[in-house]
Amino acid sequence: MSGADSPGSTTAAPAVPAGLTSVEAAQCLAAQGPNALAERRTHPLLKVLAHFWGPIPWMIEAAALLAAIAGDGPDFAIILTLLLFNGGVAFWQERKADDAIALLKQRLAQRARVLRDGEWRDIPARDLVRGDVVHLRGGDVVPADVVLRTGGPLALDESALTGESLPADKQVGDTAYSGAIVRQGEMSGEVSATGMGTFFGKTAALVADAGAPSHFQQAVMAIGRALIIVTLLLVALVLAVAWGRGEPLVDTLKFALVLTVAAIPVALPAVLSVTLAVGATALSRGGAIVSRLAAIEELAGMDVLCSDKTGTLTQNRLTLGAPRPIGQAEPLTILAAAALASEAENDDPIDVAVREAARAAGASNPVASAFTPFDPVTKLTAAEARVAGDIHRVAKGAPQAILAWAKADAALQAEVEAQVDELAEQGYRALAVARRVANGPAEVLGLLPLFDPPRDDSAATLAAVRQLGVAVRMVTGDHIAIARQIAGRLGLGTNFVTAKAALAQGAAPDAAAILARDGFAEVFPEHKYRIVRTLQGGGHLVGMTGDGVNDAPALRQADVGIAVSGATDAARAAADLILTEPGLGVIRGAIEEARRIFHRMNAYAIYRISETTRVLLFMTLSILVFRFYPVTAVMIVLLALLNDFPIMMIAYDRADPDPAPVRWEMGRVLSLAAVLGVLGVVSSFGLFWVAEAVWELPRPTIQTLVFLKLLVAGNLTLYLARNDGHFWNRPWPPRRLLLTTGATQFMGTLAAVQGWLVSPISVMLALGVWAYALVWFLFNNQVKRWVLAAWDRRAARPTLAPPRPQRS
């Protein structure tokens, strides 16, 4: 096809404005910017540096500074390596998520047919500018807001923009909005708005301001703050005592270094990031791509799921219900007449639904000798065919248009209108069908109910989600009667109200008032956004599913935004979880996997806090009371390295999903961690007393004994933290966790016996330490059970978090 040819065919194009020249377009593009959503981009260097700012990085950086001041080069190098490793892992995981979204956007890149320099060309849609002349035809996605100038009419699928299932009819002078899909017709028009100036872009502007703080980040910060406070208090105490004793400054700084290194949860960000990354990989195998790792933890605690209807719970495909005969007409006769009035070559959703229903019912299929396509003015399609020697003229369309075509009397009009109203109350739209045989009078045959059916798996998925303790509410832009009808089919209930009635009356409703309803209808984007924020203000963790531009602001504001398969670019960009399989079937598995991941993170938090408490208290009391460093700086670094390998494996631990939404209960975590930490201090002092008072061993040998005990007992504590029951309860730990802990403990024992970087001890002493640690491990297991039982009796696990500040 030559550049002067029409974009739609080989015939001449309809008369359209002259369009822009390439020079004019380039100037406009420079002035207006690309036809794309504005994105807030952060320089990669700033992203990297952000991972070295915060309580935990500060602690590691402080330790490195102390090592430099003390002139301890090896320790400085090791700590700096750990700092870079932490930041590198966090940045890499964030980069992978950004790349996944970029790939999705690349796959969804659009092209447009534009008139430039008097020739029709295909160009990237992002290069369109205001004043460009574009051509739209069936199957195209409207690339910008376009004022239609010639051709028509045009049938547009605007479900992604408005939530409305039926196509919208557009004529000359109307605006076709960016993101709509052309279902029927061809028209040319002039671009009136691009990028953020389009209807699509204005909705996306809400997305940019939306967002909820991550509970995952809050929990990590809380753990970091707790460890910092404890460390600063103990370091200040020891520094004060050392100053009072007149101890050398260098020795005091070295102790501060050792104590700080002992307190730093070096692997905390890395372990939690790796755990989330491993979980994200598992979710992707199940058909869900995670674009924000922290959203996995939010998904585990999600207790309210707000779901869009069109394209999410339904198929976004019009379907016919049972025909409603008027008079003596048979259902097959109605379907046959409607099919005759549906053009076979047309992909109009209504015509497709009618033909499929007629074919499935076995209705007759005469060949039309003449056909009148749909006209937005007459609101009907018509056809004629010869049947049994007679000319049959048929028409289908809006009930009022068909009544006029058939010249129906008042009684018939009243009967038809009553049935139309009845169908509307049940959530159906109605098509009327009429027929005229030869020169006889026209007769209205009946009505065809139209609806967008639920997905096959929606009801089962929603029931499964509710069994997991998640309340489900439908939030749709469709008519309230249709919303009730679909919700009833899915078992969600029919207690619906329009968003205007619920949100525009005086004081804003609270979360309880919203949850008292089964759903909301006739909802606009700002309504969805307000519903999510209100629920969050009531302490709920809110998930939102959707597929259209109109869902994007709420997807971004929600704690877990879920873009379903086939979602628009705007919805995917705003979402935390992007489903690659049709329907919501994958959500149940995603919730269960998220709760397993949460369980692993909770176990690590307990382990890390208890170990930090044990080492800090034991070292501080040893120096204050006995004026003895129980372990050397090298031993502390060895402990950090040998412990990091097993705790990385917690990302692969087996865990049973909780039957209800889970939240960070820091009181529970800190209580158990504190008890286990104190027990560790008691057991360490017990070994110290035996080694010095009973066995009368030299101090360097005692340091090696303490080092080995801290290593063995620390690894065993990991098995105490991984579940609420006894350590032998199912699910059993995976092989990789067992092998890794076994290998590191073997290496630590070998180092103690062989004297690698420590004073050597005998095999018998090493076995004695192992036996001592195992006895305490069994005792600690029972104490853990008592502590958790007491905590759960004292206060039942809360189902809601306290209200939190909202972003403006």
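## A walk through some local features

Leu332, Leu335, Ala338 and Ala339 in helix 11 touch Val354, Ala357, Ala358 and Ala361 in helix 12. Sorted by type, the residues of this contact come out as 8 nonpolar, no polar and no charged. Keep in mind as you explore that this is a predicted model.

Let us stay with this pair of helices for a moment. Two packed helices are described by the angle between their axes and the distance between the axes. Helix 11 covers residues 331-340 and helix 12 covers residues 349-361. Their axes come within 9 Å and cross at roughly 140°. An angle counts as roughly antiparallel over 145 degrees and as roughly perpendicular from 65 to 115, so helix 11 and helix 12 are oblique to each other. As for handedness, helix 11 passes helix 12 in a left-handed crossing.

Next come the strands. Here are two antiparallel pairs, each with a pair of residues that face one another.

| Strand pair | Bridges | Partner residues |
|---|---|---|
| Strand 1 (residues 111-116) and strand 2 (residues 119-124) | 6 bridges | leucine 115 and tryptophan 120 |
| Strand 5 (residues 154-157) and strand 8 | 3 bridges | aspartate 157 and isoleucine 181 |

Strand 1 and strand 2 form a hairpin with 2 residues between the strands. Within this hairpin, aspartate 117 takes a positive phi near 55°.

Strand 5 and strand 8 belong to an open sheet of 3 strands, which has the order 6-5-8 and antiparallel pairing. Which strands stand at the edges of this sheet? They are strand 6 (168-170) and strand 8 (181-184). Each has a single partner strand, so one side of each is left without a neighbour in the sheet. From one strand to the next, the twist averages 40°.

One last stop is a single residue. Where is tryptophan 728 placed? You will find tryptophan 728 in the loop between helix 25 (699-721) and helix 26 (735-754). Is tryptophan 728 buried, exposed or partly exposed? Its relative accessible area is 48%; buried means under 20% and exposed over 50%, so tryptophan 728 is partly exposed. To see how sequence and space relate here, look at asparagine 781 as well. Tryptophan 728 and asparagine 781 are 53 residues apart in sequence, while their C-alpha atoms are 9.9 Å apart in space.

Notes: Residues numbered from 1 in each chain as written. Predicted model: local features only at pLDDT ≥ 70, side-chain atom pairs only at ≥ 80, totals over all residues. Heavy atoms only, no water. Axes fitted to C-alpha atoms, helices over the stretch in contact; angles between N-to-C directions. Helix = DSSP H or I, 4+ residues; strand = E, 2+ residues; numbered from the N terminus. Parallel < 35°, antiparallel > 145°, perpendicular 65-115°, else oblique. Left-handed = near helix turned anticlockwise from the far one by under 90°. Contact = heavy atoms within 4.5 Å. Nonpolar A, V, L, I, M, F, W, Y, C, P; charged D, E, K, R; others polar. Pairing = 2+ DSSP bridges. Buried < 20%, exposed > 50% of the residue type's maximum accessible area, 1.4 Å probe, protein only.
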